[in-house]
Amino acid sequence: MKLTTAQAIIKFVKVQHVSRDGRESPFFSGCFGIFGHGNVAGIGQALQQSPDFPYYLCRNEQAMVHTAAAFAKMSNRLRALVCTTSIGPGATNMVTAAAGATINRLPVLLLPGDIFARRNVAPVLQQLESTSTQDVSVNDCFRPVSRYWDRVQRPEQILTALPETMRVLTSPAETGAVTLALPQDVQAQAYDFPDEFFEPRTWIIARSRPDSSLLAQAAERIRDASRPLIIAGGGVIYSDATDTLSRFASQTGIPVAETQAGKGSVAFDHEQSVGALGVTGTSAANRLAREADLVIGIGTRYSDFTTASVTAFQHPRVCFININVSEFDAYKHAALPLTGDARATVDELMGALRHHRVSQDYAKEIAGLRADWEKENERVFKRRVGPPLSQGEVIGLLNSTLDDKDVIVCAAGSLPGDLHKLWRSRDPKAYHLEYGYSCMGYEIAGGLGVKMADPSREVYVLVGDGSYLMMAQEIVTALQEHIKINVVVLDNHGFSSIGGLSRACGSGGFGTEYRYRSQGLNGDLIPVDFVANATSLGADAVRARTFEELGAALKDAKKKTRTSVIVVETDYNDRVPGYESWWDVPIAEVSEMRSVQEASRQYEKAKLRERYLWPGFE
Ligand SMILES: Cc1ncc(C[n+]2csc(CCOP(=O)(O)OP(=O)(O)O)c2C)c(N)n1
Ligand SMILES: [Mg+2]
């Protein structure tokens, strides 16, 4: 079949399917892109003659990769989007979001255009030349942020590159960004591809099981433990293991703490749910972690936010059992590794622990800690501060107004930490946080991807003024596609999160507020009109000043059929406190500033609690 390389790629991706638990579905749902000379006549032309494969024009290449990652996350990695760009800046605009997808273990297929393989016309527009080789382009920047990277120098190379692409994208352990750099001449080059290459193919997403003797040892350790604690990570949700985990926790009485990606694994009112763990954790989870003698990590990669920079676990003989599809994660912290799918593995463990339950004393302690946390959560929700409102009361209002299945989307700033602590999750897919890369700008683009993945749910993007200013332009894409999202901008005139961090580091919030330059950086606040900004992009936008106005605006937004934006001013200095945790952010060891010297002293003391979590290592 004579096709161009670009036509063959699009023809191939259209017939790839995945199957898990016997349910089969197409893997790719379409292609986002921005055209330039590096793809308009190649992939662009191929998409034009494939109207059954939808093409979406976005406004910024970074944003479309966030959209694709959010789409994959919302689909539990069973579906993905393709992203096409021109060469040069269009391509490298994707690097940031590619890293985000790979860190969050989310499949996205990136097809950046590349410089001519033929080379005779070099340097082409937007080519970065090298004096030491002709075998390099800006697309080599994608190598460290991709789980698979290839440059297609001849059409027939896709016969081996595309199957590798699919293997990696559909592997629960390996998945992330896959980059196929496509020289612009090769995209348009024709070749006689074998018909068989375009036969529909189904990639089985297997539920791998751990070694049976290790599983028996794990069950033994759980029986022997007096203070076990489960950490539920994103893998629990991707594996669709949430019901199984809820039953396992009920059966054994083992408490469940959640990472950002794992939040929603068990409902907040489940008897064993102790909520968020780590730097942004609840008092309940953090106290249990401190004294746990056994940690069962399920689908977690143990980021520093989860381990409170390895200070969270202070029991002298704490040991770990890790259930993870990725061997890399399963072995972390010298764990007993159960390398396997979360649902299949927890299911088997449940069988092995049929008659096991934690002690009554421990159960009572868990219930007490849960009650204490509920009281504190309620206190933060019930405070009436504004206007300007406290972020805590805004989150409380959202939590009581939204339906259980409505999705909140967030990524960076002070919101993720407050949401992690306070949000009462009732559905595993209703809490969508990108906190692997915590990339400012993910929020609106991500919200678009979430809504595309599940149009039946109402989607609420919660975004700080800083993140909004970084990347709000996908509102136009949402309007163009008639995809409705609800955006809530929390305007506190700068970086409340990093401002607070700066103060904790003794630096007094230096350079973190949006102010005019006067003698220094401390002039008047810059009045940015977010309502006018969103209106100018075509959205319905309103300002809400009070608690009541915000409540009414949320109800209005829900009734609307098009994308809308609510702007609410929040208090820069009114923060939800931390709960018995710590984060390692190194402080200047020497400084001319008293406040920094003091912060440095405290830092050195706190750092002593960091430990290597090897058995017997004190
Ligand atoms: C792309 C990117 N740049 C920088 C940062 C570091 N950073 C984390 S939060 C933050 C400020 C966010 O401001 P805003 O969205 O207004 O949220 P707030 O802190 O006020 O809640 C910054 C600069 C980041 N996470 N992502
Ligand atoms: Mg802000």
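1. A salt bridge here is a side-chain nitrogen of Lys or Arg within 4 Å of a carboxyl oxygen of Asp or Glu. With that in hand, look at Asp21, Arg207, Asp240, Asp341 and Arg343, which are linked in a network of such bridges. Across the whole structure, the search finds 40 salt bridges.

2. A word on the ground rules: this is a predicted model, where local features need pLDDT of at least 70, side-chain atom pairs count only at pLDDT 80 or more, and totals for chains, interfaces and linings use all residues. Residues are numbered from 1 along each chain as its sequence is written, chains are lettered from A and ligands numbered from 1 in the order in which they are written, and side-chain values use heavy atoms, with hydrogens and water left out.

3. Back to the network, and to one pair in it: the side chains of Asp240 and Arg343 meet at 3.8 Å, N to O. Asp240 sits in the loop between α9 (234-238) and α10 (242-252), while Arg343 belongs to helix α14 (residues 342-352), so this pair links distant parts of the chain, 103 residues apart (helices are DSSP runs of H or I, at least four residues, and strands are runs of E, at least two, numbered from the N terminus). Asp240 is partly exposed at 34% relative accessibility, and Arg343 is also partly exposed, at 23% (buried means under 20% relative accessible area, exposed over 50%, partly exposed in between, with a 1.4 Å probe and protein chains only).

4. Where do Asp329 and Arg105 lie? Their side chains form a salt bridge at 2.6 Å, N to O. Asp329 is in helix α13 (residues 327-330) and Arg105 in the loop between α5 (95-103) and β7 (108-114), so the bridge ties together parts that are 224 residues apart in sequence. Both Asp329 and Arg105 are buried.

5. Another bridge joins the side chains of Glu513 and Arg503 at 3.4 Å, N to O. Glu513 is in the loop between α21 and α22 (530-537) and Arg503 in helix α21, so the parts tied together are 10 residues apart in sequence. Glu513 counts as partly exposed at 24% relative accessibility, as does Arg503 at 35%.

6. Now the magnesium ion (ligand 2). Its protein donors are Asp465 (OD), Asn492 (OD1) and Gly494 (O), lying 2.0 Å from it (donors are N, O and S atoms within 2.8 Å of the metal, or 3.2 Å for Na, K and Ca; water is not among the atoms, so sites may look incomplete). Along the chain, the donors follow the spacing D-x26-N-x1-G. Asp465 comes from helix α19 and Gly494 from the loop between β21 (486-491) and α21, 29 residues apart. Both Asp465 and Gly494 are buried.

7. Which residues are closest to ligand 1? They are Ser414, Asp465, Gly466, Gly494 and Ser497, among 15 that surround this ligand (a residue counts if one of its heavy atoms lies within 4 Å). The shell divides into 4 nonpolar, 10 polar and 1 charged (Ala, Val, Leu, Ile, Met, Phe, Trp, Tyr, Cys and Pro count as nonpolar, Asp, Glu, Lys and Arg as charged, and the others, Gly among them, as polar). Helix α19 provides the largest share, 4 residues.

8. Finally, some backbone atoms beside ligand 1. A backbone N or O atom of Ser438 lies 2.8 Å from a nitrogen atom of the ligand. A backbone N or O atom of Gly494 lies 2.8 Å from an oxygen atom of ligand 1.

Terms used
A polar contact is a pair of N or O atoms within 3.5 Å; within protein, one must be able to donate a hydrogen and the other to accept it, and residues adjacent in sequence count only if both atoms are side-chain atoms.
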